[in-house]
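Q: I am new to this structure and would love a close look at a single part of it. Could you then take me from there to its surroundings?
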Amino acid sequence: MTERIIPNHHIIEKLKLSNLAFEVDRVISVPVMKTHMYAGVTLSIKNMKGCLYQRDKTRLHRIKSNPPDIHKGKCLDYGICDLMKLLYPDYAILDATTCMEGFGPSGGTPVEMNMVISSHDALSVDLTAIQLMGMKPDAIAHLNLVREDRNLKIEDIHVHPVDFLKWSRKFRLASEQDLQQNYHNPSVVEKGACSACHAAMLQFFRYHHQEYENSPAVTIAFGGDLTAEDLHPADGSPVVLVGNCTAKFRNSTISWCKGCPPVPSQIVRTINAGKTLDD
Ligand code: SF4
C-alpha cells in the first residue's frame, strides 16, 4: 500500500493505493462499458478506482463535505477527478463487446455492442464511448471535471472511423427513485447515508423485492443522521437498522444489519430472522 498526497486536489487530500500501480512500466485501464447509478457510467477513468486500497475504494462514496460546485458534480465526481491527478492511465482498452445498461455497475442488463475502443488517452476513449451509449459528450460530470483539469476539447478528439456514431445505441439509465416508486414493502427511512449504502439498497430492492410483496410491513432505516423519532414509523411496522452508521440505535429496534456498506443478502437474512445476527 502507498499513501499519496494529491496535488491541487478538489476534495480529497490524499488516498491509499496499491503499490503495484506505481511499480509497473505502463498502466492500462481495461474496463467493460457500463452505466453506473451514481457516476453515470463506469469506463476507463472510473475503472481506476480499482487501484485504491481496501476501504479507500468506498471512501469516494463516503465524502461528507459539500462538493466545490454542485452544478458541476457530486463529491464522488470530484473524488474521481482527484484520483486522476494521481493515477491517470497510460492507455485504455474499453471492452464494449457485451456491455451493461440500467442499474449498473452490478444490477443492470446485458447489451451486445461487439466493439472495442482504445486510445493512448483514456479520457478520449470515455468521451467517445458515452456518445456510442447515446449520451451527449458533456453528459457525465466526472468526465467533464477531468476534461476541465486536462484542458481537453471535444473537437480535439479524432475518432476512427469518423462515422462511428452509426453504431451508437441509447443505453437505459436508472435512478433510485425508479425503484422506490415500484416497491412499497419494505418502506425506507434514510437520513445522511452515503452512496455506498444507497447502492446496497438498490441491489437489495432489485434482487429481493419480490420476497416482501405479500409479507407483513417492515421498515428499513439507514444513514448516519437518523434520530430516535425515525425509529417509530407511522404505520407501526418494525424497524430494521442497516449499516454501521446506525449501530448507536441497535438496542432500540428489533434488528440491526452490520456492514459498511452492508451486503444485500445479509439485509435479507436480518429481516427474515427478525433479530440481529451475530455473523
Ligand atoms: S454504514 Fe452505510 S451510510 Fe454509513 S458510512 Fe457505511 S456505507 Fe455509508
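Which residue in β7 does Thr98 stand opposite?

A: Happy to help! Thr98 stands opposite Glu112 in β7. Please keep in mind that this is a predicted model, where local features need pLDDT of at least 70, side-chain atom pairs count only at pLDDT 80 or more, and totals for chains, interfaces and linings use all residues. Residues are numbered from 1 along each chain as its sequence is written, and side-chain values use heavy atoms, leaving out hydrogens and water.

Thr98 and Glu112 face each other across two antiparallel strands: β6, residues 91-103, and β7, residues 107-119, are joined by 11 bridges. Between β6 and β7 there is a hairpin of 3 residues. Strands here are DSSP runs (E, at least two residues), helices likewise (H or I, at least four), numbered from the N terminus; two strands pair if DSSP finds at least two bridges between them.

Now let's move on to another sheet. This one is open and has 4 strands in the order β8-β9-β10-β11, paired in parallel. At its edges stand β8 (187-190) and β11 (255-257); each has a single partner strand, so one side of each is left without a neighbour in the sheet. From one strand to the next, the twist averages 25 degrees.

At the β11 edge, β10 (residues 239-242) pairs with β11 in the parallel sense over 3 bridges. If you look along that pairing, you will find Leu241 with Trp256 of β11 as its bridge partner.

Two helices accompany this sheet. Helix α7 (residues 195-208) packs on the sheet and touches β8, β9 (219-222) and β10, where contact means heavy atoms within 4.5 Å. The direction of α7 makes about 160 degrees with that of β9; axes are lines fitted to C-alpha atoms, for helices over the stretch in contact, and angles between N-to-C directions run from 0 to 180 degrees. Helix α8 (residues 264-273) lies across β9, β10 and β11, and runs at about 170 degrees to β11.

Finally, have a look at the ligand. Its surroundings include Ala196 and Cys197, and α7 spans residues 195-208. Also around the ligand are Arg62, Ala193, Cys194, Gly243, Asn244, Cys245, Gly259, Cys260 and Pro261, a residue being near if one of its heavy atoms lies within 4 Å.
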